[in-house]
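Please look over the chain shown below before reading on. The briefing that follows takes up its domains, then two peptide bonds, and then two residues with an unusual backbone angle.

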Amino acid sequence: MEQQLFDYTKQDAAGACSTAHAWAKVPAPLTTSERHALAERAAALLKKHNAVLVAHYYVDGPLQDLALATGGIVSDSLEMARFGRDHAAQTLVVAGVRFMGETAKILSPEKRVLMPDLDATCSLDLGCPADDFARFCDAHPDRQVVVYANTSAAVKARADWMVTSSCALEIVSDLHAKGQKILWAPDRHLGRYIQEQTGADMLMWNGACIVHDEFRGLELEILREQHPGALVLVHPESPKSVVEQADVVGSTSALIKAVVEGNAPAYIVATDNGILHRMRQLAPGKVLIEAPTAGNSATCKSCAHCPWMAMNGLANLVDCLESGQPEIHVDEATRVKAQHCINRMLDFTAARKAQTSGMTPGIGAA
Ligand code: 13P
Ligand code: SF4
């Protein structure tokens, strides 16, 4: 099986989008009264502007609560895309990272898409520049180009398919069954997992998520010994040594579903710890344990929390609703091309859902 690692250094040469830059822009903690006042102000502004808040499970708990309290959504990246496309609101406020805002804009060009901070990016997106990626694709014209959602609009414009972690396995499996060879980008861990599960011929880009890449198999083994019977829940952006120990491998929604429906005494969670907020709400009383990472606060890059997700706060949310800035723009030629691969994914998942409806209800079913 052909599998080539593309050597690319993740960090921007100027350091402009480094994790240090992101951590420096993470809003300071709020007092309880500040939090309440800002949440109230944001709710009023959402109403005034006919806007809806579309949040990811990794953002701060108060933002997640606000989204749910005001008729918005907290979800995985696939559901965020669907919700934004289908909602009647003329303004979408995306609390997450830039590719999520771009996807919303690509699917709904007539809507205004705001984000609290446009510097909120993703190491997978940073690690896959469109020009380099185009050269990679040009060199392998015989392959179907499948890209993860965590990429720029320009990268998506080169792709045949976009996937998220909730539907990647099914889509690649289907392509493989049809005899297609695949060019996969950018997450090497998710790509390897899918390659192992499906047996597909996949040529890989060499990108990684700085949060999941830091989970460690050896430390996880030790933790499991300390908590016999605990169910191990792993996001597939994690390294092989961690995925191999998983009881459940899946998207953020699938991991939440596993906690809600599981009857284990405890759950070890190997994904961004922002997800624990929603898990605690949906499965009160269940014991949730964070999976171990490569270091502690002095040595790890993320400490199991995405610095770009952490840049979203109530204060910059209020600012963006008041000023209408920053707004996501995607140039029309890129948008039209990028829309194609996203719509293919949405059509595929909708067709699968129709086929299996009544069989796999619940959180996270694609
Ligand atoms: P999900 O699609 O599983 O929510 O993942 C998005 C993401 O950025 C994970 O790091
Ligand atoms: Fe990207 Fe990882 Fe952050 Fe998700 S958690 S947005 S994959 S850096």
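Helices and strands are DSSP runs, of at least four residues for a helix and at least two for a strand, and they are numbered from the N terminus. The model described here is predicted. Its chain is assigned three stretches of interest, namely domain 1 (19-123 + 308-323), domain 2 (124-209 + 332-354) and domain 3 (212-290).

**Domains 1 and 2**

- The C-alpha centres of domain 1 and domain 2 are 26 Å apart, and the contact between these domains draws on 15 residues from domain 1 and 20 residues from domain 2.
- On the side of domain 1 that touches domain 2, at least two residues come from α4 (77-86), and at least two likewise come from α5 (98-107).
- Of these two helices, α5 deserves particular attention, since it gives the largest share of that side of domain 1, namely 6 residues.
- When the residues on the side of domain 1 that touches domain 2 are sorted by character, 7 are nonpolar, 4 are polar and 4 are charged.

**Cis peptide bonds**

- Ala185 and Pro186 are joined by a cis peptide bond, whose omega is near -10°, and Pro186 itself sits in the loop that runs between β7 (182-185) and α10 (188-198).
- The peptide bond from Gln325 to Pro326 is also cis, with an omega of about -5°, and Pro326 belongs to the loop between α15 (314-323) and α16 (332-356).

**Positive phi at residues that are not glycine**

- Asn50 is not a glycine, yet its phi is positive, at about 50°; this residue lies in the loop between α2 (32-48) and β1 (51-56).
- Is Asn50 buried or exposed? Asn50 is exposed, because 11 other C-beta atoms lie within 10 Å and a residue with 12 or fewer is classed in that way.
- Ala304, which is not a glycine either, has a positive phi of about 65°, and its place is in the loop between β12 (287-290) and α15.
- Ala304 counts as buried, because it has 22 C-beta neighbours inside 10 Å, where the cut-off for a buried residue is 20 or more.
- Taken together, these two residues show that a positive phi occurs here both at an exposed position, Asn50, and at a buried one, Ala304.

Conventions. Residues are numbered from 1 along each chain as its sequence is written. Chains are lettered from A and ligands numbered from 1 in the order in which they are written. This is a predicted model: local features need pLDDT of at least 70, side-chain atom pairs count only at pLDDT 80 or more; totals for chains, interfaces and linings use all residues. Domain bounds come from an automatic or database domain assignment. Two residues are in contact if their C-beta atoms, placed from the backbone, lie within 7 Å. Ala, Val, Leu, Ile, Met, Phe, Trp, Tyr, Cys and Pro count as nonpolar, Asp, Glu, Lys and Arg as charged, and the others, Gly among them, as polar.
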